[in-house]
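Here are my notes on the model you asked about, set out point by point. Keep the structure open beside you and find each piece as you read.

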Amino acid sequence: MNVIEIQNLTHRFPDGSLGLDHIDLTIRAGSFVLITGENGSGKTTLLKHLNGLLFPTAGSVIIDGKGISEDPLHARQAVGLVFQNPDTQIVGETVSEDVAFGPENLCLDRNEIEKRTHDVLTILKLLPLASQRPHLLSGGEKRRLAIAGVLAMKPKVLALDEPFSSLDYPGTKQVLKQILSLHESGHTIVMTSHDIEKIAAHAERVVVMKKGKVALDGPPDQVFPDLERFGVRPPCALRWGKPLESWLI
Ligand SMILES: Nc1ncnc2c1ncn2[C@@H]1O[C@H](COP(=O)(O)OP(=O)(O)O)[C@@H](O)[C@H]1O
Ligand SMILES: [Mg+2]
């Protein structure tokens with residue numbers, strides 16, 4: 001079953017420039033898709049179409065069976081979007097208040113809000129920090145908090161925009177581990193990254209964007225040898241003729 005069906009999606013910004021140019025993309029429920037491409041190729045713009053932060057100028061985006069323009073609330077619930085800069089996503093005074101904010105907006109009852117908050121803090125290993133002020137967290141912890149806040153809304157799809165940007169080695173490993181375990185537990189993962197080294201060993205499918213178009217789309221072993229042409233550095237292992245290794249090893 002396809003959880004995302006994008007047909008002929010074109011996005012024109014208010015200044016007239018073209019952000020997305022006739023995109024066709026279907027994403028199977030439970031899959032792990034990496035969207036890559038050089039800066040300005042349209043990765044973030046595409047993600048914003050998955051949960052109604054932007055609407056198509058032309059074409060259609062269908063999330064879990066429903067058109068985004070007809071039912072944006074359904075899309076917002078089905079696709080949790082984790083922004084590139086986690087600071088922009090912090091709304092609570094404490095870590096647990098921050099996570100509770102989403103479920104509160106869904107008008108769930110108190111018990112359900114507390115249960116969801118506790119559950120996602122446990123999953124993201126943030127329980128010991130529950131009463132900490134979010135702004136005091138490390139980069140990796142902040143990113144996990146942003147993922148926790150989105151997860152508390154119980155989305156089917158997690159869309160992560162450059163989830164490793166500005167993280168150090170331990171932060172990257174923490175976040176990578178959580179993303180992989182969310183995928184294992186059944187979530188569809190769509191993530192963007194202009195630097196694919198950290199995720200190369202794990203993606204099942206790689207979509208390469210260029211100037212608002214999908215330039216390549218296929219399994220990693222087919223796509224990786226061609227990356228250089230599209231302004232993305234191929235994984236080091238490939239250059240050395242070695243098998244790809246996870247950053248978690
Ligand atoms: N609000 C906007 N108005 C005009 N152009 C924009 C706007 N937002 C993004 N763009 C342009 O759209 C292109 C794609 O941007 P973006 O999706 O952020 O790329 P990426 O995430 O791949 O780096 C870039 O050229 C960017 O400058
Ligand atoms: Mg971007």
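1. Let's start with overall size. This is a predicted model, and a compact globule of 249 residues would have a radius of gyration near 18 Å; the chain comes out at 18 Å, so the two agree. If you draw a box around the C-alpha atoms along the principal axes, you get roughly 50 × 45 × 35 Å.

2. Now the inside of the chain. Buried residues account for 42% of the 249 residues. Take the contacts with a separation of 6 or more: 67% of them link residues 24 or more positions apart. As for the parts list, the chain has 8 helices and 10 strands.

3. Next, a sheet to trace with your finger. General background before you do: strands in a sheet pair through backbone hydrogen bonds, and the pairing is either parallel or antiparallel. One open sheet here has 4 strands in the order E2-E1-E4-E5, and its pairing is antiparallel. E2 and strand E5 (66-67) are the edge strands, each pairing on one side only.

4. Look at how E1 is held in that sheet. Strand E1 (residues 2-12) and strand E2 (residues 18-28) run antiparallel and are joined by 7 bridges. For a landmark on that side, find Ile6, which stands opposite Leu25 in E2. E1 is also joined to strand E4 (residues 58-63), again antiparallel, by 5 bridges. There the landmark is Glu5, opposite Ile62 in E4.

5. The turn between E1 and E2 deserves a look too. This hairpin has 5 residues between its strands, and Gly16 takes a positive phi near 95° there.

6. Which residues other than glycine have a positive phi? Two to check are His22, with phi near 55°, and Cys107, at about 60°. His22 sits in strand E2, while Cys107 is in the loop between helix H3 (95-105) and helix H4 (110-123). Their surroundings can be counted as well. His22 has 14 other C-beta atoms within 10 Å, so it is partly exposed. Cys107 has 7 C-beta neighbours inside 10 Å and therefore counts as exposed.

7. Stay in strand E2 for a moment, where you will also find Asp24. Is Asp24 buried or exposed? It has 12 C-beta neighbours inside 10 Å, so it counts as exposed; the cut-off for exposed is 12 or fewer. Setting aside neighbours within four places in sequence, Asp24 is in contact with Ile6, Gln7 and Asn8. For a sense of scale, try Asp24 and Asp109: they are 85 residues apart along the chain, and their C-alpha atoms are separated by 39 Å.

8. There is another open sheet, with 6 strands. Its order is E6-E7-E8-E3-E9-E10, and the pairing is mixed. The edges are strand E6 (79-82) and strand E10 (213-218), each pairing on one side only. From one strand to the next, the twist averages 15°.

9. For a parallel pair in this sheet, go to strand E3 (residues 32-36) and strand E8 (residues 188-192), which are joined by 4 bridges. Ile35 stands opposite Thr192 in E8, which makes a handy marker.

10. Then add the helices that lie across these strands. Helix H5 (residues 139-151) lies across E6 and strand E7 (157-161), running at about 160° to E6. Helix H6 (residues 169-184) lies across E3, E7 and E8, and runs at about 145° to E8.

11. Finally, the ligand. What surrounds ligand 1? The residues around it are Phe13, Asp15, Ser17, Gly19, Gly37, Asn39, Gly40, Ser41, Gly42, Lys43, Thr44 and Thr45. By class, that shell has 1 nonpolar, 9 polar and 2 charged residues. Helix H1 (residues 43-48) supplies the largest share of the shell, 3 residues.

Note on methods
Residues numbered from 1 in each chain as written. Chains lettered and ligands numbered in written order. Predicted model: local features only at pLDDT ≥ 70, side-chain atom pairs only at ≥ 80, totals over all residues. Near = placed C-beta within 6 Å. Helix = DSSP H or I, 4+ residues; strand = E, 2+ residues; numbered from the N terminus. Nonpolar A, V, L, I, M, F, W, Y, C, P; charged D, E, K, R; others polar. Rg over C-alpha atoms; globule rule 2.2 N^0.38 Å. Buried ≥ 20, exposed ≤ 12 C-beta atoms within 10 Å, placed from the backbone. Contact = placed C-beta atoms within 7 Å. Pairing = 2+ DSSP bridges. Axes fitted to C-alpha atoms, helices over the stretch in contact; angles between N-to-C directions.
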